[in-house]
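Visitor: I'd like to talk through how the helices and strands pack in this one. Could you pull it up?

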Amino acid sequence: MTTLSPILKQATPVVVDHALGSWIHGTDGNDYLDFTTGIGVTSTGHCHPRVVEAAREQVGKIIHAQYTTVMHKPLLELTEMLGDVLPAGLDSVFYANSGSEAVEAAIRLARMATGRPNIIVFQGGFHGRTVAAASLTTAGTRFSAGFSPLMSGVHMAPFPYAFRYGWDEAAAVEFALKELDYLFHTRTSPNDTAAFLIEPVLGDGGYLPTPPAFMDGLRERADRHGIQLIFDEVQAGVGRTGKFWGHQHSTATPDILITAKGIASGFPISAIAAPTATMSKAWPGSQGGTYGGNAVSAAAAVATLHVVEDEGLVENARVRGDELQAGLKELQSRFPGIGNVRGLGLMQGIEFMAPDGTPDASTAAAVQQATTREGLLTLTCGPSGNVVRLIPALVVTPEEVSLGLERFEAAVAAVAGAVPAVSHA
């Protein structure tokens, strides 16, 4: 009998029968409020009617139109629509399938455009599981262990993780920028450095927003040294943080932007965007791929962008995210095991700590399992596995946020005896 790899571990025991909006309906007859959204992918909710119809219509026209062989209309339309939301000057786009592929395309482009070998990443970043992307990932050793040697030319600088250091944000930013400058003196000269690569909000690294002052500091150093600033918006982009792009919480703008996940509501497509002058420096043959820019995925992405705009989902993510964070912080005030609540928009992390101040992965895992029993689907993250992350769909309603908070509170109380409070309803 053939089975799935034993290394693949499900976060929940749920087998899906069907799903719609913020809800997954299991084959066990139970309904689950989905605050995982396929790790931030189903941005417009499960099976949004407009996305479903766009994909269904495209399937009847052409499924696979390899876009370096023949062009197709959905990709042209998607490219035009991205021009309306991309940062100014990023007017050239290359499409791939996954976030990892797009990350590798971005660093390849940066190296070719600058003629420099080295990439600086930041502690806790997650950029993928393929060999080069895993070499750039520092969110946990599980992503890069066991298949060395990794790609060379990667150097890591501290991330301003204020809670971990026990500092305020300004002190953490000052420290991280000083250490970055020290890295230039000790490991990689600016003249050897092609790019900075950073997530506007760390994903697997613990749902940590990158402080705006740190983003601005990277932009200043990139300009001063001729370094490409790459923003990995795979998870934080397309409205998730309450801005269309996660980096828009700062004044910094990227030289190269990476997008995937929520851009097509569950269909596989990714992209990098850069100025035409930069993209033109890519060597012939360095960009391509059989399935990149698939016609059905592109049609779904077009529909997704229309839904995000027409239904005001970026603003909904901001407002619902504020409600969600407020409820989580209220719970934190009654449960000392929650050391930190943070996030932007519908990207919220709850970090569990033991009484001795060390990361409490066992409680986080128990809470995540308990939420499933309460009818709420959640995930864990963080290098120590002690962060529970909540990732509702951008279409989540006030009532669903309230219900999610009630179910999360019940799970925490069941695991660790939090003091009960009045209903959030």
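Visitor: At what angle do the axes of helix H2 and helix H10 cross?

Guide: Helices here are DSSP H or I runs of at least four residues, strands E runs of at least two, numbered from the N terminus. Axes are lines fitted to C-alpha atoms, for helices over the stretch in contact, with angles from 0 to 180 degrees between N-to-C directions. The axes of H2 (residues 49-59) and H10 (residues 295-310) come within 8 Å, and they cross at roughly 155°.

Visitor: Before we go on, what sort of model is this?

Guide: Residues are numbered from 1 along each chain as its sequence is written, and side-chain values use heavy atoms, leaving out hydrogens and water. Local features need pLDDT of at least 70, side-chain atom pairs count only at pLDDT 80 or more, and totals for chains, interfaces and linings use all residues, as the model is predicted.

Visitor: Which strands stand at the edges of the seven-strand sheet?

Guide: The sheet is open and mixed, in the order E4-E10-E9-E8-E7-E5-E6. Two strands pair if DSSP finds at least two bridges between them. An edge strand has a single partner, so one side is left without a neighbour in the sheet: that's E4 (92-96) and E6 (154-157).

Visitor: And what is the bridge partner of leucine 197 in E8?

Guide: Strand E7 (residues 193-198) runs parallel to E8 (residues 228-232), with four bridges joining them. Across in E8, leucine 197 is partnered by isoleucine 230.
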